[in-house]
Amino acid sequence: RGPVTIAYPTRETRLKTDISGIDRVSITGAGGFGYPDGESACFSGTSASAPHVAAVAGLVWSAFPEKSAADIRTLLYSSAVDSGDPGYDPVFGHGRVDAFRMYELAAAKPGTFSVDASGGGDFLSLSEAVNNSKPGDTVLIHPGTYEENVDVPWNLTIRSFSGNPEDTVIESADPEKPVFRVHGNASLISGLGVRGSGQNFGVYL
């Protein structure tokens with residue numbers, strides 16, 4: 001249950017839990033767990049759930065080795081079965097890991113979405129489009145000025161319809177943050193004007 005306080009190297013508070021995994025799993029007596037008959041064992045706690053989650057992530061990554069670490073992490077979170085309070089919560093995190101749903105999301109073919117603040121696209125804002133995307137998708141933005149700070153969790157193509165950075169502008173809603181924070185290692189952002197960040201960068205990689 002979170003949040004938790006980290007004391008070193010500097011004191012900070014972090015949101016935890018990240019994700020929940022299955023525990024009380026049946027094993028064949030390894031590590032001295034189990035019942036006196038020696039025929040069955042029940043492995044409980046985070047010592048059981050953590051390797052369960054790691055194994056799911058490893059299996060999906062082995063099937064899609066072209067994915068980045070950021071892709072796998074976001075796939076793990078976005079495919080989790082929501083538990084507890086709706087959305088993220090400090091008890092269950094992003095939810096219970098689901099191997100099949102994670103695989104399905106990883107295997108889905110890339111799509112293309114449009115953003116238009118006037119309502120003529122699939123989404124009204126770039127952030128909304130990104131939050132509903134999956135790795136490899138393309139987001140096309142109609143001309144206009146969009147006040148946003150956009151977190152790009154995985155590899156996406158984000159570009160303007162016109163290709164003209166003068167008529168399609170992403171302006172920082174919070175000047176203390178970059179306009180784009182990009183976690184993937186192969187994202188493409190083009191044809192956009194980026195302005196309004198008080199930092200030394202509009203795009204943070």
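Select helices H1 and H2 to begin: the two are oblique to each other, because their angle falls outside the bands for roughly parallel (under 35 degrees), roughly antiparallel (over 145) and roughly perpendicular (65 to 115). The model is a predicted one, in which local features need pLDDT of at least 70 and side-chain atom pairs count only at pLDDT 80 or more, while totals for chains, interfaces and linings use all residues. Residues are numbered from 1 along each chain as its sequence is written, and side-chain values use heavy atoms, with hydrogens and water left out.

H1 and H2 pack at about 125°, with axes 10 Å apart, the axes being lines fitted to C-alpha atoms over the stretch in contact and the angles running from 0 to 180 degrees between N-to-C directions. Show Val53, Val56, Ala57 and Trp61 of H1 with Ala69, Ile72 and Leu76 of H2, which make the contact (heavy atoms within 4.5 Å).

Next, add H3, which packs against H1 at about 25°, again with the axes 10 Å apart, and this makes H1 roughly parallel to H3. Here Val56, Ala57, Val60 and Ala63 in H1 meet Ala99, Met102, Tyr103 and Ala106 in H3.

Then turn to the largest nonpolar core, which has 32 residues; such a core joins buried Ala, Val, Leu, Ile, Met, Phe, Trp, Tyr and Cys residues through side-chain atoms within 4.5 Å, buried meaning under 20% relative accessible area with a 1.4 Å probe, protein chains only. H1 gives the largest share of this core, four residues. Finally, select Ile158, one of the residues with the most contacts inside the core; beyond its neighbours within four places in sequence, Ile158 is in contact with residues including Leu126, Ile141 and Phe180.

Methods:
Buried < 20%, exposed > 50% of the residue type's maximum accessible area, 1.4 Å probe, protein only.
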